[in-house]
Amino acid sequence: MKKTRSKAYHDTVRQLSDRIVKAQEPIRILDAIKWDDKVEAAFFAGKCQKQPPVDAAYYAGRPLSFDPESKRDEFYEIERDISRTLGHFNPLGKIMKRICREYRLVSTMLEHRGRSDFGRISQELYGTASEVFHAGDPTLGDLGAMMDDTLERLSNSDVIQDEEKSIDAEVAAKQLDERLNAAFGDTQVRVIVDDNIVADAAAGSDYLKIRRDAMFNQRDIDILYVHEGMVHLGTTLNGQRQSICTFLSKGPPSSTITQEGLAILMEIIAFVSYPTRLRKLANRIQAVQLVEQGATFVDIYRFFHDQGFGEKTSYTNATRVFRGSTPTGKPFTKDLSYTKGFIMLYNFLQLAVREGKLESIQMLFCGKTNLEDIKVLTQLAEEGLVQPPTFLPEQMRDMRALSAWMCFSNFLNHLSLDRVESDYSTLL
């Protein structure tokens with residue numbers, strides 16, 4: 001039976017949710033931990049032999065836009081009010097209280113930039129390369145190595161050589177602007193060419209930034225359309241349409257694993273990903289694992305360079321692992337989110353199809369969701385507290401093809417790949 005809630009209850013949830021959204025506004029993790037151009041210049045001036053000049057004093061010279069202690073107190077007050085008004089066992093209250101605790105932890109992590117606690121808290125938020133999905137399974141680091149081994153063999157095939165990157169940022173931005181605005185209809189988004197981002201592209205609240213000096217091929221643009229556009233931008237826009245659970249418009253670190261995993265999953269389902277792209281993700285896992293084992297920034301720079309990346313890209317890839325930390329410190333482990341999230345979501349899709357609960361799959365897109373909250377969010381949608389997603393990738397609008405694919409996938413996962421390899425050895 002569908003539950004009904006009073007307007008007073010809806011108003012209370014909305015007020016608490018709005019307070020979370022307001023409180024998190026000055027917390028910008030990536031902005032707080034990125035290294036400036038002077039660090040890069042110093043590294044290359046040292047012929048890539050010396051560790052970049054980054055320590056705790058470096059971060060102290062780049063103060064945060066908020067006071068960590070005051071911010072922790074603010075989230076504590078919100079969490080306390082959630083318990084006072086919704087009770088200790090309210091499912092929605094539990095989600096919001098977890099978000100508050102998470103932002104308190106983020107405040108502490110950023111307060112400890114350049115110190116050992118930064119890396120420890122990063123592992124608590126995003127995970128480590130040594131963790132497993134189930135007892136006895138290979139670690140995430142093992143998965144990265146296995147992927148890299150397979151992709152290394154694929155890289156020798158003439159059939160799947162990468163296309164030349166001959167499309168500049170202006171042309172890519174124009175194409176993406178046309179495609180995304182067609183997909184989002186009356187909700188207009190902007191695609192902006194920008195000089196100040198590290199990645200090739202980054203999604204915001206209603207915009208997508210493209211790095212001015214980046215070059216692309218058509219497959220790269222297709223990936224950006226799916227990954228940054230239909231997933232990251234799409235889930236933000238869906239979250240902004242929430243009239244009660246407004247916290248779904250913002251993504252705490254726990255949602256990062258789900259959101260990045262969802263983006264990679266959609267790249268695969270949409271058939272726009274390619275081996276070099278996956279190898280980059282595998283290399284990121286390997287880099288985190290190496291740093292957890294004691295590798296320095298120079299070691300990781302050389303690791304990426306040995307993988308065939310140029311000097312600039314090798315530097316950029318290495319900084320992803322050390323931002324917020326020091327060149328000899330513990331890693332920032334966010335880059336594990338992509339593959340870790342993909343595995344978790346793939347398993348979830350298999351289970352949802354097997355159980356016949358396809359509505360739960362689409363609810364992944366209702367905002368900046370966390371996989372562990374999907375059951376509650378699906379129930380809240382039935383109660384009218386959460387709005388189902390308006391914007392969905394094409395492959396998620398119709399569950400027929402996806403469910404058919406996952407039905408076969410469920411069966412194929414029970415086959416022994418070693419036995420298949422033996423039986424089919426004469427065919428390859």
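This passage describes the cavities, aromatic contacts and cysteines of a predicted model.

A convenient place to start is the interior space. A search of the whole structure returns 2 cavities of 30 Å³ or more. The largest cavity has a volume of about 80 Å³, and 14 residues line it. Nearest its centre lie Ile 99, Phe 247, Lys 368, Asn 370 and Asp 373. Two helices, helix 6 (91-111) and helix 11 (253-269), each contribute at least two residues to this lining, with helix 6 giving the most, 3 residues. The lining of the largest cavity is mixed in character, with 6 nonpolar, 4 polar and 4 charged residues.

The second largest cavity has a volume of about 40 Å³. Its lining is made up of Ile 20, Val 21, Gln 24, Ile 99, Tyr 103, Phe 247, Lys 250 and Pro 252. Here the elements that give two or more residues are helix 1 (7-24) and helix 6, and helix 1 provides the largest share, 3 residues. By class, the lining of the second largest cavity holds 6 nonpolar residues, 1 polar and 1 charged. Readers following the two linings in the structure will meet Ile 99 and Phe 247 in the largest cavity and again in the second largest.

Aromatic contacts come next, and the count reaches 17 aromatic pairs. One of these joins Phe 184 and Phe 391 in an edge-to-face arrangement, 5.0 Å centre to centre and with 75 degrees between the planes. This pair links distant parts of the chain, 207 residues apart: Phe 184 belongs to helix 9 (residues 169-184), while Phe 391 sits in the loop between helix 17 (374-383) and helix 18 (394-397). Both Phe 184 and Phe 391 are buried. Elsewhere, ring pairs connect Trp 35, Phe 43, Phe 44, Phe 297, Tyr 301, Tyr 315 and Phe 322 into a cluster.

Charged side chains also meet aromatic rings. Arg 179 is placed over the face of Tyr 225, at 4.3 Å from the ring centre. For Arg 284, the charged end sits over the ring of Tyr 338, 5.3 Å from its centre.

Finally, the cysteines: the model has 0 disulfides. Cys 100 is unpaired because its sulfur is 13 Å from the closest cysteine sulfur, that of Cys 245, too far for a bond. The sulfur of Cys 245 in turn has its closest cysteine sulfur in Cys 366, at 8.6 Å, which is also too far for a bond. Cys 100 is buried, with a relative accessible area of 0%, and Cys 245 likewise counts as buried at 0% relative accessibility.

Technical notes. Residues are numbered from 1 along each chain as its sequence is written. This is a predicted model: local features need pLDDT of at least 70, side-chain atom pairs count only at pLDDT 80 or more; totals for chains, interfaces and linings use all residues. Side-chain values use heavy atoms; hydrogens and water are left out. A disulfide is a pair of cysteine sulfur atoms within 2.5 Å. Buried means under 20% relative accessible area, exposed over 50%, partly exposed in between (1.4 Å probe, protein chains only). Rings of Phe, Tyr and Trp (its six-membered ring) pair if their centres lie within 6.5 Å; planes under 30 degrees apart count as stacked, over 60 as edge-to-face and the rest as tilted. Helices (H or I, at least four residues) and strands (E, at least two) are DSSP runs, numbered from the N terminus. A charge sits over a ring if NZ of Lys or CZ of Arg is within 6 Å of the ring centre and within 35 degrees of the ring normal. On a 1 Å grid over the protein atoms alone, a cavity is a set of points where a 1.4 Å probe fits but cannot get out, and a pocket is an open set with protein on both sides within 12 Å along at least five of seven lines; lining residues have an atom within 4 Å of a point. Grid points are joined across faces, edges and corners, and a volume is the space filled by probe spheres set on the points. Ala, Val, Leu, Ile, Met, Phe, Trp, Tyr, Cys and Pro count as nonpolar, Asp, Glu, Lys and Arg as charged, and the others, Gly among them, as polar.
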